[in-house]
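Welcome, and thanks for taking a look at this structure. Here is a short guided tour to help you find your way around.

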Amino acid sequence: MKRDNLNRSLLFLLLAVWMGLALAGCASEKSCSKKPTFFPPPPDKPHMQWLTGISTSDDIGAKGSQGKFSLVLTGKEAPDVIKKIQKSYGIVPHKGKLYVAEFHSQRVTIVDPTNGTIEYLKGMSHPKGALVDPVNLAFDKDDNLYVADPGRKEIVVFDKNENYVTSFGKDVAKGSKIVSVAVYGNDLFALDFGTSRIRVFDPKTGEQIKEFGYIDQPNQSLRAPTNFTIDEKGAIYTSNLGSNKVVKSDIDGNFLGSFGGTGDQYSTFSKPKGIAVDHIGRIYVVDSATNVVQLFDDKFRMLTLFGWPGLETGSLDMPAGIAVTQDEVLMRYFQKFAVPGFKLENLIFVVNQFGSEFCIPRISVYGMGLMEGVKYDEPPPIPAKKEKAE
């Protein structure tokens, strides 16, 4: 009798704990809007739509999820338990997947929207493959992955099967702090925040080939560069915290122009970070301080901006990395989030370092496109100043 009472009491206790956690979870969860937001806003013609956001495996329709209480009920984490993306920086689309540099969790996370999975890079389990502070990533033509890890003071390399291969760049120069990587041709380019230089490596040997970027002419020099990208023609675009400018150079480091400057108005920046260039040369610049992305044409003329605070959906919160792609697999998946008649031209992924408590996802997904049956004028109009972030 006493044993039956004890078992009954234990059962009631477990049920009480479970219900308490369930109620706490329900109380803390918010019902976030899924309403599409267009940029520029009406009555202007739509050129871009906020499509959706990704913060957990649930957001990509994770298959067979057992729910967030499986850990409590079974005593161990289920293999398909909900996975969350933590504080991140860089993002790279590659062959239908998104690779995210989660510096807060010291890992590279692989998001596969089509198959509804979130996994972690396998090679990190290798004794030499552990990451400390991954911030940006890049792939080469052979699907090798290069991770800029300023915590390790190295570039860490993984092969197409996610196996650890090697690392290099450690102590390449006094004060060096490599924060981003890009591949062009057979060379690996690395952005050195600590010395305001771009370093070029032979990815096979890890040896530095050359360096450029910092010069005595302030208007043409890199100054505390945070991010860079290389377009299809080999032009390098670098965002700089030291000057709040974007500097354009050729593949050998020769100055080709710059734009921006310190400010919170159109065509100026307060804290430029992520930068991307699309297939027709449009330049996307993330401003982490004003929580917007500004869009420019190849002549550095501002076209529009998006992501400002206070929107029902589509706002950004301390954005960092950005990526633009026409990846066919990703385009097919995210087209379903576009309103009927809005045909996607490319996808834009922006990483938010904060915002989950305010219904702003870790990854905001936008689509550049055109509405069928609408006659467009180019370029898209800039929103009224009242819409600009304060």
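A good place to start is with two phenylalanines: F259 and F296 are both buried. Please keep in mind that the model is predicted. The ring centres of F259 and F296 lie 4.7 Å apart with their planes at 50°, so this pair is tilted. F259 sits in strand β18 (residues 255–260) and F296 in strand β21 (residues 292–296), so the pair links distant parts of the chain, 37 residues apart.

**The strand that carries F259**

Strand β18 also has a partner of its own. It pairs with strand β17 (residues 245–249) in the antiparallel sense, over five bridges. If you would like to trace one of these bridges, look for K248, whose bridge partner in β18 is G257. β17 and β18 form a hairpin with five residues between them. In the turn you will find G253, which has a positive phi of about 95°.

**Aromatic pairs**

How many aromatic pairs does a search of the whole structure find? The search finds 16. One of them joins F39 and W308: the ring centres are 5.2 Å apart and the planes stand at 90°, so this pair is edge-to-face. F39 belongs to strand β1 (residues 37–39), while W308 lies in the loop between β22 (302–306) and β23 (319–325), so the pair ties together parts that are 269 residues apart in sequence.

The two pairs can be set side by side:

| Pair | Distance between ring centres | Angle between planes | Type |
|---|---|---|---|
| F39 and W308 | 5.2 Å | 90° | edge-to-face |
| F259 and F296 | 4.7 Å | 50° | tilted |

Are F39 and W308 buried or exposed? F39 has a relative accessibility of 1%, so it counts as buried. W308 has a relative accessibility of 3%, so W308 counts as buried too. These two residues also belong to one aromatic cluster, formed by F39, F306, W308 and Y366.

**The chain as a whole**

Now let us step back. The protein chain has three helices and 25 strands. Of its 390 residues, 52% are buried. Among contacts between residues at least 6 apart in sequence, 52% join residues at least 24 apart. The accessible surface of the chain comes to about 18,800 Å², and 53% of that surface belongs to carbon and sulfur atoms.

Methods
Residues numbered from 1 in each chain as written. Predicted model: local features only at pLDDT ≥ 70, side-chain atom pairs only at ≥ 80, totals over all residues. Heavy atoms only, no water. Phe/Tyr/Trp six-rings, centres within 6.5 Å; stacked < 30°, edge-to-face > 60°. Helix = DSSP H or I, 4+ residues; strand = E, 2+ residues; numbered from the N terminus. Buried < 20%, exposed > 50% of the residue type's maximum accessible area, 1.4 Å probe, protein only. Contact = heavy atoms within 4.5 Å. Areas by Shrake-Rupley, 256 points an atom, 1.4 Å probe, with all protein chains shown as cover. Pairing = 2+ DSSP bridges.
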